[in-house]
Amino acid sequence: MRELLGTVLVLSIWVGFYVCVRAFFSSIRRSALRQQPRQDGVALEFFPTARMQTLVRLVLVLLAAFGVLVSVAMRKEGGSFYALLGPATVFLLISLVRPVSVVVDDHGIRQRRWFLHDKEIKWGDIASVAYGTNTGTTYVLSKNRGPKIRFSVFLVGRARFKDEIRAHTRDVDISSEDND
């Protein structure tokens, strides 16, 4: 009987943690829908919400601190520095997949990248706009099969982004599955 109660307690803690994490990310998504993009002349910048930026930075700082602790422990114990590969890999992956700004101007849509040239699709080259059902991400696909623009749910002003696409391109199919 005690084992069953222990199992139920541990399971309820995990379920509670899961519900709290889902509620937190849902609140970030809702705040992204309410905020408006920055306007710089004719360009509109759709940026990640402040809470998402803070969360990513906090996780990266904690991972860096964990990496420092692991390296100090490895130096003291004379162990292998292969233990740093785990935190370093997670740090790199989080840095690469974090939401990045999308800029819309008179020429088209541009998304910045770290190591490569910016992704850019001119207004006349947009083939379609799709909606990721599992992630909520909006994808802008080009006619020449170039890199697609990914508009994360954690970027501000998704409805305005779609309105800008509709205003600049008349014949583009925009997925109706998305409920702004």
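In which helix is the place of G86? In this predicted model, G86 belongs to helix α3, which covers residues 85-97. With a relative accessibility of 39%, this glycine falls between the limits of 20% for buried and 50% for exposed, so G86 counts as partly exposed. Its C-alpha atom lies 9.9 Å from that of L63, a residue 23 positions away along the chain. With this helix as a starting point, the rest of the chain can be explored.

The secondary structure as a whole consists of four helices and nine strands. Followed along the sequence, these elements come in the pattern α-β-β-α-α-β-β-β-β-β-β-α-β. The pattern thus opens with a helix and ends with a strand.

Turning to overall dimensions, the radius of gyration of the chain is 21 Å, whereas a compact globule of 180 residues would have a value near 16 Å. The C-alpha trace spans about 65 × 45 × 30 Å along its principal axes. Of the 180 residues, 32% are buried. Among contacts with a separation of 6 or more, 50% are made by residues 24 or more positions apart.

The surface and the charges complete this overview. About 12000 Å² of the chain is exposed, and 61% of this area is supplied by carbon and sulfur atoms. There are 25 positive and 16 negative side chains, and a distance of 7 Å separates the centres of the two sets.

Helix α1, made up of residues 2-34, is home to F25. Is F25 buried, exposed or partly exposed? Its relative accessibility is 23%, and because the limit for a buried residue is under 20%, F25 counts as partly exposed. Leaving aside neighbours within four places in sequence, the contacts of F25 are with M52, L55 and F154. A further distance helps to place this residue: the C-alpha atoms of F25 and T54 are 13 Å apart, and 29 residues separate the two along the chain.

After helix α1, the strands can be taken in turn. Strand β1 (residues 38-40) pairs with strand β2 (residues 43-46) in the antiparallel sense, and three bridges hold the pairing. Within it, D40 is found opposite A43 of β2. Two residues lie between the strands of this hairpin, and G41 takes a positive phi near 70°. Strand β2 also pairs with strand β3, which comprises residues 102-104; this pairing is antiparallel too and has three bridges. Here E45 has V103 of β3 as its bridge partner.

The next pair is formed by strands β4 (residues 108-111) and β5, which are antiparallel and share four bridges. One of the matched positions is G108, whose bridge partner in β5 is K122. Which side chains of β5 point to the buried face? In this strand (residues 119-122), K119 and I121 point to one face and are buried, while E120 and K122 point to the other face and are not buried. Such a pattern is familiar, because side chains in a regular strand alternate between the two faces of the sheet.

A further group of strands makes up an open sheet. Its four strands stand in the order β8-β7-β6-β9, and the pairing is mixed. The edges are formed by β8 (149-151) and β9 (173-174), each of which pairs on one side only. Starting from the β8 edge, strand β7 (residues 138-142) runs antiparallel to β8 and is joined to it by three bridges. In this pairing, T138 is matched with F151 of β8.

Further across the sheet, five bridges link strand β6 (residues 126-131) with β7, and these two strands run antiparallel. S128 and L141 are bridge partners in this pairing, with L141 lying in β7. The hairpin of β6 and β7 has six residues between the strands, and G136 takes a positive phi near 80° there. On reaching the other edge, the direction changes: β6 and β9 run parallel and are joined by two bridges. There, V129 has I174 of β9 as its bridge partner.

Terms used
Residues are numbered from 1 along each chain as its sequence is written. Side-chain values use heavy atoms; hydrogens and water are left out. The radius of gyration is taken over C-alpha atoms; the globule rule is 2.2 Å times the number of residues to the power 0.38. Buried means under 20% relative accessible area, exposed over 50%, partly exposed in between (1.4 Å probe, protein chains only). Contact means heavy atoms within 4.5 Å. Accessible areas come from the Shrake-Rupley method with a 1.4 Å probe; for residues, only the protein chains shown count as cover. Lys and Arg count as positive and Asp and Glu as negative; His and the chain ends are not counted. The place of a charge is taken as NZ of Lys, CZ of Arg, CG of Asp or CD of Glu. Two strands pair if DSSP finds at least two bridges between them.
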